[in-house]
Each structure stands twice: as structure tokens, then as C-alpha cells.
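Let's work through a few exercises together. Have your viewer ready and try each task before reading its solution.

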Amino acid sequence: MRTLALLVATGCAIGAPPGFSSGTQWTFPLVDPLAGGRLVVPVMVHGKGPFLFAIDRDAASTIVDPEIAAAAEARATGELRVDDYDDHTHPAFYAEITDVEIGNLTISLLPVQVLPRPGHFDEDGRHISGVIGRKLVADSLVFGFDRDRGIAWLETQQAFVPPPAATVLALDGISSSGVKVAWRPVVKDAKIGAAAVDLHPDFSRVASELALDKWHAAGLAPTDAALKIIDSSGIVRDVTQLGVAPAVTVATASRDHVGFVPYDDRRLWQYKLDGVLGLDFFRPFKVAADWHHEKIYLTPREDLAATRATRLARWGELFAPCPDPGCATFELVTVAEGEGPGMRVHRDRGFLGPLEVILRATAKSGEPLPNLELNFPADASAFDTQLPQRYLGATFEIVDASPFPRACPYVGGCAMTQPVLPP
């Protein structure tokens with residue numbers, strides 16, 4: 001009886017959720033991890049796909065577009081209302097999908113919430129078919145992501161070994177004001193300017209958020225912005241203010257020039273959070289989150305060139321037969337005075353299907369420039385493009401590739417700069 005009581009008291013945080021394939025660790029390839037955006041992974045459903053899903057542990061369940069329910073031949077098992085950031089509700093329905101594959105994880109049966117129309121989660125030129133919620137990224141598992149390797153992962157508590165020499169962020173389920181924050185644990189030792197605040201680490205969104213009544217103490221001066229943030233209900237929130245913190249410190253982890261947007265999640269008014277730490281804060285780190293033991297481990301990232309082979313290998317043998325990294329080559333061409341450099345891009349012969357190749361760009365001064373994305377539709381083998389003038393004299397290096405390019409406005413392929421994240 002004592003053992004049973006202990007299991008109940010600790011929330012049964014032992015082992016993988018029901019339906020998981022055997023093993024102690026599961027890894028998922030990330031799409032375009034170097035952009036610093038949302039954690040997006042390809043998912044197979046009932047032998048169909050791949051479909052792209054974003055990881056959102058703060059979503060109570062996995063939430064999908066109706067195309068996923070159709071692919072799984074799933075039927076509605078009940079109606080529900082989904083709450084958005086402003087505490088408005090929207091119709092949806094429950095369903096169960098079978099034979100789900102995410103990387104080397106297979107799930108035999110997965111309960112989901114289905115939104116009524118497709119396209120709720122689309123962002124930055126990619127169609128996102130759903131979000132993977134807390135029933136998969138569960139308290140009983142350790143969750144992590146490594147942008148250098150291009151993967152996210154889950155691991156059992158028993159198998160997880162904390163990384164040596166990591167910076168440790170302590171999580172707490174009780175806020176500084178004594179309010180229970182339930183499944184949104186906070187770090188209490190966060191400092192933004194002169195403001196000591198409780199912030200919830202949120203790995204589903206890029207921008208950090210802070211309640212407006214904390215901005216003055218934090219030294220945030222609002223500037224005009226035009227950002228769109230998608231919450232777990234699939235509703236787009238228009239953000240018109242952005243404040244940049246000169247420094248943010250949590251435990252011994254510090255970041256300069258972190259962008260914050262106003263925090264006002266009205267679904268969680270009773271938890272009285274000061275805000276959230278978004279993915280932008282965690283951009284320089286490899287992250288491992290152990291919610292059961294209330295710790296997040298941060299270790300510094302590595303050099304992009306040194307980790308390229310490992311990063312490309314997340315796609316198995318897809319790029320192995322190609323003679324060139326990422327199955328593509330490029331060359332700069334002379335252009336008229338006063339114009340940006342021209343670039344001629346080729347994919348390796350024999351590589352079929354859509355392709356995205358990421359180039360790291362370095363200015364002549366040695367300063368980093370925004371990465372370039374070379375996007376090939378399935379039937380394009382080469383294209384010419386002209387780059388912005390700031391790339392004159394720059395050097396370029398292929399650092400990543402994937403079979404999931406952004407939508408390209410031109411039929412034959414195009415080059416894009418990676419989205420610039422706030423600030």
C-alpha cells in the first residue's frame with residue numbers, strides 16, 4: 001500500500017505513455033532548425049503523409065486539421081469547445097487516429113482534438129497540420145531539442161542522464177505570489193532589467209512575453225510591431241507592440257537583446273503568470289526539460305560547420321548518395337554595378353522531390369548575415385537568383401538541407417532569406 005501511495009503522490013511519472021513503441025529514447029527530425037523558429041517535425045498518419053506538426057507541450061492534447069482525421073479515416077467521438085488566448089471558445093470534436101509515426105516513435109492509438117477547417121497553424125510559408133501536445137510530450141518523459149543535430153527527442157526518466165556542466169533552471173509549480181501554476185511551471189529567478197519575474201518556459205512560440213504592468217520595471221520601451229502569433233487553438237493573434245530587453249538572466253543563463261511582446265493569456269488569469277520565455281531566449285542552447293524533477297538543462301550549441309554531417313544524417317540515407325552536401329551546388333555570378341550578387345543554383349542529378357538547402361552567409365567584415373534558403377519545387381533542377389545588395393562580397397556555405405521547402409512564389413525555385421526573428 002505504501003508503494004501505491006507513493007506512485008499516486010508522484011503523479012505516476014514512470015515510463016512512456018500508452019501506445020508508444022518500445023524503447024527508452026525516441027528522436028524526431030526537425031524541419032529548418034537553424035532558423036530558430038517553431039519546433040516542426042514530419043509525421044506519418046495511417047501510412048499517409050508526411051504531414052508537418054509543431055510541438056506545443058502547453059496544448060493539453062494533440063490538435064489536428066480535418067485533413068489528418070480524413071487521412072486516418074477517423075470518426076468523431078464527441079464535440080468540444082477549444083479555448084483561445086482571449087478565452088473565447090471555438091467548436092471542435094474529439095477523434096482517435098491510429099498508426100502514427102514521428103521519427104522512430106510509433107504510436108498505435110492517439111486521441112486528438114480536430115479543428116473544423118485546415119490551415120489554422122500555417123506559418124512562414126509552410127502548411128502545419130497540427131500541434132503535438134502534452135499527452136505525448138508528457139511529464140513522465142524528458143523532452144529535449146538540439147538545433148545543431150536538427151532533432152527533438154523524448155526519453156524515459158530511467159534512461160535520462162543530465163548533461164555534464166549544464167546550466168540548470170529550477171522549475172516551480174508555485175509562483176512567487178503563492179499561486180499554484182499547475183502544468184505551467186515557472187522559473188522564479190528570472191531578471192529582466194530591474195524586474196524580478198516568474199516566467200514559464202514555452203517551447204511552442206518564438207517571442208517571449210511579459211505582462212504590460214512589468215514593462216516599466218523591466219526597462220522595456222514599446223515600439224511598433226506587426227507580428228502574428230498562433231496559439232494552440234489555431235487562432236492568430238495580431239501583436240502591435242514589441243519591447244527589447246537589454247539583458248535577461250535566468251539562474252546563470254543570460255541573453256542580450258531579447259524581444260518581448262505583451263502577455264495577457266486570459267485562459268490562465270487564475271495563475272497570474274508574469275509571462276513566458278519563448279524559443280528566442282533558448283536559441284543559443286541545447287535544451288533538455290525534465291518536468292517531473294522540475295529542471296531544465298541548458299548546454300551551449302556547437303559550430304554549424306562541424307555539426308553539418310550529423311545534422312544532414314537526421315534524414316537517414318536521403319542525402320547520402322549525393323556527391324555534394326545537401327545535394328546542391330551554387331556559384332556566384334557577376335552583376336551590374338550597384339546591384340546585389342547573382343547566384344546560380346543546381347541540385348545534384350538524380351535527387352528527386354522537393355528540396356530546401358540552407359546557406360550560412362558571412363559578410364566581408366566577418367559579421368553574420370541572415371541565412372539563405374534555396375527552395376526547389378519537385379520538378380526544378382536549377383534556377384538563377386539575385387540577392388540583396390548587403391550580400392555583396394559575402395561568403396556562403398551549405399549548412400543544412402531538408403525535403404520540406406517553404407512555399408516558393410516562383411515556379412522554378414527561389415532563394416529567400418530566413419525569417420528575421422524579433423528583436
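## Exercise 1: a four-stranded sheet

Task: work out the strand order in the open sheet of 4 strands, and find its edges.

Solution. Step one: the order is S26-S23-S24-S27, and the pairing is antiparallel. Strands here are DSSP runs (E, at least two residues; helices are H or I, at least four), numbered from the N terminus, and two strands pair if DSSP finds at least two bridges between them.

Step two: strand S26 (395–402) and strand S27 (414–417) are the edges; each has a single partner strand, so one side of each is left without a neighbour in the sheet.

Step three: on average, neighbouring strands of this sheet are turned by 25° against each other, direction ignored. Axes are lines fitted to C-alpha atoms (for helices, over the stretch in contact), with angles from 0 to 180 degrees between N-to-C directions.

Step four: strand S23 (residues 355–362) pairs with S26 over 7 bridges in the antiparallel sense, and Glu356 has Ser402 in S26 as its bridge partner.

A word on the source: this is a predicted model, in which local features need pLDDT of at least 70 and side-chain atom pairs count only at pLDDT 80 or more, while totals for chains, interfaces and linings use all residues. Residues are numbered from 1 along each chain as its sequence is written, and side-chain values use heavy atoms, with hydrogens and water left out.

## Exercise 2: a six-stranded sheet

Task: give the order of the open sheet that 6 strands form, and name the edge strands.

Solution. Start with the order, S1-S10-S9-S19-S20-S11, with antiparallel pairing. The edge strands are strand S1 (25–29) and S11, each pairing on one side only. Neighbouring strands here are turned by 15° against each other on average, direction ignored. Then zoom in: strand S9 (residues 141–146) and strand S10 (residues 151–156) run antiparallel and are joined by 6 bridges. Phe145 has Ala152 in S10 as its bridge partner.

## Exercise 3: Arg184

Task: is Arg184 buried or exposed, and what does its side chain contact?

Solution. First, locate Arg184 in the loop between strand S11 (167–170) and strand S12 (187–192). Next, its relative accessible area is 1%, so Arg184 is buried (buried is under 20%, exposed over 50%, partly exposed in between; 1.4 Å probe, protein chains only). Finally, the side chains of Arg184 and Asp202 are joined by a polar contact of 3.4 Å (a pair of N or O atoms within 3.5 Å; within protein, one must be able to donate a hydrogen and the other to accept it, and residues adjacent in sequence count only if both atoms are side-chain atoms).
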